[in-house]
Every structure is written in structure tokens, then in C-alpha cells.
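Let's walk through this structure together, strand by strand and contact by contact. Keep the sequence and the model open beside the text as you read.

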Amino acid sequence: MPLWSKHLASLYVADSGKGVTVEPAGNVVACGVLNGDAFVKKYSVTGAELWMRLIAGTGSETSAAVAVDAVGSVAIAGYTSSLSTDFGAGGVAGRGDNEAFVARYSATGAPLWAKVVGGIGTGVSTGVAQTATGEVYATGQFSTSIDFG
């Protein structure tokens, strides 16, 4: 198996990788923060970039966890402080406070769906898993109350 590394170059000091997983075909999927926006990025077995999606809004976003299913579909979980967050297919409304999100992309990076979950207080999603058939489960924490809508 080849070894490789990647550096995400930016001037934003808080950039970081938060999660990584390997899909059945051996491709690597990573997520984290880049320039205050969340990202999810897929690399080939040899380290070539296959696709990248930025999750951006009016505030800041963090993707904290990533998971793949048996066909390579990608789910991410994290949190946003934006009134509207774009996961790649238009904005999803939020309250502008830290709110949890979960989003799913096809194996080729096409946005499939996204959900922002909030309530009174702060909510963050810090873990995500997918079943072989694509059901998505997320974990995290919230203060006071949360509305799963």
C-alpha cells in the first residue's frame, strides 16, 4: 500500500483535520476546517484528489466526523454558527448559534441531503456512522433543548 501525505495550505491558523476514514475501494475521505468553513475531501489510494466540498455559510462551520457506506457514499457531521449553510445544493436555514449538522454525499461528491438541528442553547454533532445500506446515525451534545424537526 502506498504511503502519502497532504497539506491543506491556507493562512487561517485554526485549520485542522477532524476526521478520516477509508472506503471499501481504498480511497481516503477526510473532513475538518479550512478558512473557517467545513470541508470534506476524497483522495484516491495514491493520494490524488478526487473531489472536495466546502460547507460554507454566514458564520463558521466545522465538520467533525466522517463515515462511508458500502458503495462509498459519504456522511459528515459537525456544527455551524450560520443563519444559512450551503452544503453544495443551496442554503439550509439555521439560527446562527452553534447547531449540529449532518450531510450526505454520493461516492462522486454530489450532495444528497443535509440537515441542521438546533434548539435553545448550543448543539454540536461530533460523530457519524453509516450502515452498509446507507442509513446515517449521528451523535453529539446539546445544552438546554434541541428540536430534531
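Which residue in E3 is the bridge partner of cysteine 31? The partner is valine 40. A word on the ground rules before going further: this is a predicted model, in which local features need pLDDT of at least 70 and side-chain atom pairs count only at pLDDT 80 or more, while totals for chains, interfaces and linings use all residues. Residues are numbered from 1 along each chain as its sequence is written, and side-chain values use heavy atoms, with hydrogens and water left out.

Now to the strands around that bridge. Labels such as E3 refer to DSSP runs numbered from the N terminus (helices, H or I, have at least four residues; strands, E, at least two). Strands of a sheet pair through backbone hydrogen bonds, either parallel or antiparallel. Here two strands count as paired if DSSP finds at least two bridges between them. E2 and E3 run antiparallel and are joined by 7 bridges. They form a hairpin with 2 residues between them, and asparagine 35 in the turn has a positive phi of about 55 degrees.

On to the next neighbour, E4. E3 and E4 are antiparallel as well, pairing over 6 bridges, and phenylalanine 39 stands opposite leucine 54 in E4. This hairpin has 5 residues between its strands, with glycine 47 in the turn showing a positive phi of about 95 degrees. E4 is also joined to E7, by 2 bridges in the antiparallel sense, and there glycine 57 has threonine 85 of E7 as its bridge partner.

Put these pairings together and you can trace an open sheet of 6 strands in the order E1-E2-E3-E4-E7-E8, with antiparallel pairing. E1 and E8 are the edge strands, each pairing on one side only. From one strand to the next, the twist averages 20 degrees, where axes are lines fitted to C-alpha atoms (for helices over the stretch in contact) and angles run from 0 to 180 degrees between N-to-C directions.

Let's look at E3 once more, this time at its side chains. Is E3 mostly covered or mostly open? E3 is mostly covered, since 7 of its 7 residues are buried (buried means under 20% relative accessible area, exposed over 50%, and partly exposed in between, with a 1.4 Å probe and protein chains only). Asp37, Phe39, Lys41 and Tyr43 point one way from the strand, Ala38, Val40 and Lys42 point the other way, and all are buried.

Two of those E3 residues, Lys41 and Lys42, lead us to the charged contacts. Side chains of opposite charge can pair when their charged atoms come close. The structure holds 3 salt bridges, each being a side-chain nitrogen of Lys or Arg within 4 Å of a carboxyl oxygen of Asp or Glu. Lysine 42 forms one with glutamate 23, and their closest N and O atoms are 2.7 Å apart. This pair links distant parts of the chain, 19 residues apart: glutamate 23 is in the loop between strand E1 (16–22) and strand E2 (28–34), and lysine 42 is in E3. Both glutamate 23 and lysine 42 are buried.

Lysine 41 meets glutamate 49 in another salt bridge, at 3.0 Å from N to O. Here the partners differ in cover: lysine 41 is buried because its relative accessible area is 8%, whereas glutamate 49 counts as partly exposed because its value is 47%.

In a further salt bridge, arginine 104 and aspartate 69 bring their closest N and O atoms to 2.8 Å. Arginine 104 lies in strand E9 (residues 99–105) and aspartate 69 in the loop between E5 and E6, so the pair ties together parts 35 residues apart in sequence. Arginine 104 is buried at 14% relative accessible area, and aspartate 69 is buried at 4%.

Finally, the rings. The structure holds 2 aromatic pairs; rings of Phe, Tyr and Trp (its six-membered ring) pair if their centres lie within 6.5 Å, and planes under 30 degrees apart count as stacked, over 60 as edge-to-face and the rest as tilted. Tryptophan 51 and tyrosine 105 form a tilted pair, 6.3 Å centre to centre with 40 degrees between the planes. Tryptophan 51 lies in E4 and tyrosine 105 in E9, so this pair ties together parts 54 residues apart in sequence.
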